Amino acid sequence: MEDKVLRKLFLGFIHIHILHHAQEEPIYGTWMVEELREHGYSISSGTLYPILHSMEKDGLLHREDRNVQGKIRKYYRTTETGDKLLIEARLKAYELFKEIKE
């Protein structure tokens with residue numbers, strides 16, 4: 001039970017993390033898995049890709065397919081909607097962390 005609750009909580013953080021990096025520059029799945037791992041999130045590509053596809057479907061990310069060494073790699077950037085949502089998420093996260101910090 002506790003693991004499920006933590007997983008749901010961390011998935012929200014992961015979404016914000018994805019938006020943050022996709023706003024800075026185009027990202028792709030393998031890079032994002034490694035980036036999240038550096039921050040202590042253990043996430044597989046089998047979990048990440050459905051998140052990316054869902055965020056694209058929700059209009060938060062735009063996908064561009066690029067040929068990289070003969071293989072198609074999907075790059076993601078934030079949309080205008082994703083940018084606006086990230087601003088709001090940052091404000092809410094900042095307020096929350098100010099309140100709960102020890």
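Which residue lies over the face of Tyr 28? In this structure, which is a predicted model, that residue is Arg 73, and the distance to the ring centre is 3.9 Å. I would like to use that contact as a way into the aromatic pairs, of which a search of the whole structure finds four.

Let me take the pair formed by Phe 13 and Phe 97, where the rings are 6.3 Å apart centre to centre and the planes make an angle of 45°, so that the pair counts as tilted, being neither under 30 degrees nor over 60. This pair links distant parts of the chain, since Phe 13 belongs to helix α1, residues 2–24, and Phe 97 to helix α4, residues 80–100, with the two positions 84 residues apart. Both partners are partly exposed, Phe 13 at 27% relative accessibility and Phe 97 at 40%. Ring pairs also join these two residues with Phe 10 and Tyr 41 in a cluster.

I now come back to Tyr 28, which pairs with Tyr 75 in an edge-to-face arrangement, at 5.3 Å centre to centre and with 65° between the planes. Tyr 28 sits in the loop between α1 and α2, whereas Tyr 75 is part of strand β2, residues 71–78, and the pair therefore ties together parts that are 47 residues apart in sequence. Tyr 28 is partly exposed, with a relative accessible area of 22%, while Tyr 75, at 12%, is buried because that value is under 20%.

Each ring of this pair also has an arginine over its face: for Tyr 75 it is Arg 66, at 4.1 Å from the ring centre, and for Tyr 28 it is Arg 73, the residue we began with.

Technical notes. Residues numbered from 1 in each chain as written. Predicted model: local features only at pLDDT ≥ 70, side-chain atom pairs only at ≥ 80, totals over all residues. Heavy atoms only, no water. Phe/Tyr/Trp six-rings, centres within 6.5 Å; stacked < 30°, edge-to-face > 60°. Helix = DSSP H or I, 4+ residues; strand = E, 2+ residues; numbered from the N terminus. Buried < 20%, exposed > 50% of the residue type's maximum accessible area, 1.4 Å probe, protein only. Lys NZ or Arg CZ within 6 Å of the ring centre and 35° of its normal.
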